[in-house]
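User: Please walk me through this structure. I would like short answers, with the reasoning shown.

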Amino acid sequence: MKSRSVFTRMLLWAWAVLAAALLALFLVTTYEAKDGVLRDAEQRARRELETVKWLVVNHAPFEDARAFDDWGKELGGRMGLRVTFIVDGVVRADSMVPFADLGGLEDHSTRPEVRKAEVNVVATSRRHSDTLDREMIYAATLLPPVSGLPRGVLRLAVPFSELRERLSTILSRALWTMGLALAASGALLLMGMRNLGSSVSAFVELAREIGNGDFSQRIREVPGREFQPLAEAVNAMARRIGRHVGTIEEQGGRLRAMFQGMGEGVLVLDERGRIESFNRALEHLLPEAAQGLGRPPLEAGLPLEIQDASDRVLGMRAAAAQTAEHHGDRLRITMENGKHLAVSVLPFTGYKGGHKLILVFRDVTTEVEHERALRDFVANASHQLRTPLTSIKGYAETLLDSPPEDREAAAKFLRIIQRNADHMDGVLTSMLKLARSDRTARADEAPVAVDAREILDAALSDLAPRAEEAGLRIRTELPEGPLLVRAEQEGLLHVFHNLISNAMLYGGDGGVIEIRAEAAPEGWAFSVRDHGPGIPAGLEDKVFERFFRGDPNAIDGRGGAGLGLAICRQIVENYGGSIRAERPEDGRGARFTFHLVRD
């Protein structure tokens with residue numbers, strides 16, 4: 001009896017909810033239908049009023065009001081509409097009222113549609129007509145003096161009776177549809193409840209199998225007699241595995257967290273060498289592997305070296321299974337996108353003794369680039385120091401072995417030695433500054449707020465004697481007020497020093513150096529321009545590379561170590577900015593522009 005009452009309650013509740021839903025749908029549908037019919041009727045009245053207005057405007061002048069009344073009655077009879085013409089509240093013509101009775105009609109100036117009527121504007125209303133004693137839909141518009149008629153309101157009225165018939169038909173059909181749907185749903189619900197009883201027995205058997213250790217769940221409330229065996233089976237299962245499930249879940253959670261939280265990409269291959277799983281790090285490192293579940297590494301888009309290493313380790317692992325452990329393999333690969341990966345291929349024993357592999361991928365691109373940069377740095381530094389050192393050695397040996405008798409010649413040799421020694425000192429000083437800027441970038445030292453105007457003034461004060469000696473004019477265009485940026489005083493001063501010094505060096509004697517500061521998105525843009533020979537096309541980016549010089553063998557006054565612009569770029573990027581070199585629009589000279597974040 002208890003089980004029947006449960007199914008009965010479920011059936012009644014489901015049927016009641018469905019009935020409520022159908023009733024709500026019925027109410028919404030009928031409301032929308034009624035509203036739609038009324039809107040259509042109003043739109044029809046508007047269109048027909050526009051038609052009547054057009055006919056009146058294009059009609060020949062009427063002889064008098066009676067002629068217009070006769071014309072309106074004929075038109076209204078043909079269209080099944082009421083046409084009314086009102087002048088200052090007085091009805092001058094009406095297609096449904098005899099002309100002789102028009103004088104007895106009340107003042108129409110207070111009618112809603114008449115009050116709202118304007119030229120080229122149609123006003124509508126829905127109300128009961130006292131004259132015709134029926135509900136009507138009205139549409140009215142202001143008619144200017146045309147066709148022999150005075151200025152007045154042209155009104156059209158549509159009977160509401162036919163709309164009521166349409167709404168009644170819609171309501172009747174909706175009621176029939178709702179009744180049929182409710183009856184059909186009741187029959188389907190009854191069939192479903194009967195099937196539920198037979199499904200409970202099968203579910204009990206499934207729960208008993210789960211109770212052997214495959215799953216755990218506890219049931220504390222039993223809604224009916226049929227559910228009692230299910231509750232007993234699930235609770236029996238819970239008692240058997242309850243002592244172990246906590247430990248298993250905790251260990252599994254630790255392993256999952258470790259697997260997904262590793263910085264290295266991890267790929268697991270099954271016994272057949274096909275991709276079984278991977279972690280998030282590998283998905284970011286090798287997106288193609290994420291699409292290759294169930295496929296060998298090569299088919300998943302991974303390099304051939306990985307496929308060969310996997311096959312080799314799996315084969316050696318199977319051969320060594322009865323003897324000793326195989327310790328896997330290690331290799332380095334270069335991807336098509338330029339990434340360098342260190343890969344460790346490690347075998348392990350899976351479920352039921354199956355031989356599987358774990359591939360650990362570590363991105364060593366940065367390390368490889370640092371190694372390459374270090375080699376290039378050492379090679380470039382050696383080249384920069386070897387040339388002046390060779391010159392110093394040669395002239396020193398000349399002075400020792402065959403000292404010139406002319407004192408001026410000896411002084412010339414010594415000046416050459418001194419100039420080369422100064423060049424070496426400049427190279428070493430620039431290298432130390434570059435190293436310092438690299439350390440600052442790695443240390444992530446936060447810039448502070450500084451006034452770029454004050455620092456620029458200090459740089460100009462330092463370089464003014466040199467500019468005066470070279471006959472150079474420095475022209476500045478700066479906005480009013482402080483130029484606050486996120487930077488560091490010593491570093492920004494070095495940037496201004498270097499860029500202005502370069503402009504002096506390559507701007508030519510008697511030239512003009514232009515320094516500007518302009519507002520930029522989220523910061524300030526500073527530019528230094530000279531009017532010298534400029535930068536050859538295609539070298540705008542290379543001038544910022546370390547040890548780059550237009551003439552790599554120059555050791556004279558125009559030659560440098562090739563590190564100044566590299567240091568400037570490093571400093572500006574440390575401050576979160578950017579720097580670029582470009583040829584000005586007029587094609588003369590060079591312009592260096594760097595952006596810094598506004599404080």
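The questions below cover a sheet, two helices and several salt bridges.

User: In what order do the strands of the open sheet of five strands lie?

Analyst: The model is predicted. Pairing in this sheet is antiparallel. The edge strands, each pairing on one side only, are β7 (275-278) and β8 (329-334). The order is β7-β6-β10-β9-β8.

User: By how many degrees are neighbouring strands of this sheet turned against each other on average?

Analyst: The sheet is open and has five strands. With direction ignored, the average turn between neighbouring strands is 25 degrees.

User: Which residue in β9 is the bridge partner of Leu331?

Analyst: Strand β8 covers 329-334. Six bridges join β8 to β9 (residues 340-349), and the two run antiparallel. In β9, the bridge partner of Leu331 is Val343.

User: Is Asn498 buried or exposed?

Analyst: Asn498 sits in helix α11 (residues 489-506). Leaving aside residues up to four places away in sequence, Asn498 touches Gly564, Leu565 and Cys568. Its relative accessible area is 15%, and the cut-off for buried is under 20%, so Asn498 is buried.

User: How many of the residues of helix α12 are buried?

Analyst: Helix α12 spans residues 564-574 and is mostly covered. Its buried residues include Gly564, Leu565 and Cys568, and these three are touched by Asn498. Ile567, Ile571 and Val572 are also among the buried residues. Of the 11 residues in α12, the number buried is nine.

User: Which residue just after α12 takes a positive phi?

Analyst: Helix α12 ends at residue 574. Just after α12, a positive phi of about 80 degrees is taken by Gly576.

User: How many salt bridges does a search of the whole structure find?

Analyst: One pair is Asp94 with Arg82. Another is Glu514 with Arg475. A search of the whole structure finds a total of 17.

User: How far apart in sequence are the parts tied together by Asp94 and Arg82?

Analyst: The closest N and O atoms of this salt bridge are 2.7 Å apart. Both Asp94 and Arg82 are buried. Asp94 lies in strand β2 (residues 90-94) and Arg82 in strand β1 (residues 82-87), so the pair ties together parts whose separation in sequence is 12 residues.

User: Is Glu514 buried or exposed?

Analyst: The side chain of Glu514 meets that of Arg475 in a salt bridge, at 2.6 Å from N to O. This pair links distant parts of the chain, strand β14 (residues 512-520) and strand β12 (residues 473-477), 39 residues apart. Arg475 has 40% relative accessibility and counts as partly exposed. Glu514 has 11%, so it counts as buried.

User: Where does Asp586 lie?

Analyst: Asp586 meets Arg529 in a salt bridge, at 2.7 Å from N to O. Arg529 belongs to strand β15 (residues 523-530), 57 residues away from Asp586 in the chain. Asp586 itself is in the loop between β16 (578-582) and β17 (590-597).

User: What is the relative accessible area of Arg529?

Analyst: Its partner Asp586 counts as partly exposed, at 47% relative accessibility. Arg529 is buried, because its relative accessible area is 9%.

User: Which residues do salt bridges that share partners join into one network?

Analyst: Strand β16 covers 578-582 and strand β17 covers 590-597. Salt bridges with shared partners make one network of Arg580, Glu582, Glu585 and Arg591.

Technical notes. Residues numbered from 1 in each chain as written. Predicted model: local features only at pLDDT ≥ 70, side-chain atom pairs only at ≥ 80, totals over all residues. Heavy atoms only, no water. Pairing = 2+ DSSP bridges. Helix = DSSP H or I, 4+ residues; strand = E, 2+ residues; numbered from the N terminus. Axes fitted to C-alpha atoms, helices over the stretch in contact; angles between N-to-C directions. Buried < 20%, exposed > 50% of the residue type's maximum accessible area, 1.4 Å probe, protein only. Contact = heavy atoms within 4.5 Å. Salt bridge = Lys/Arg side-chain N within 4 Å of Asp/Glu carboxyl O.
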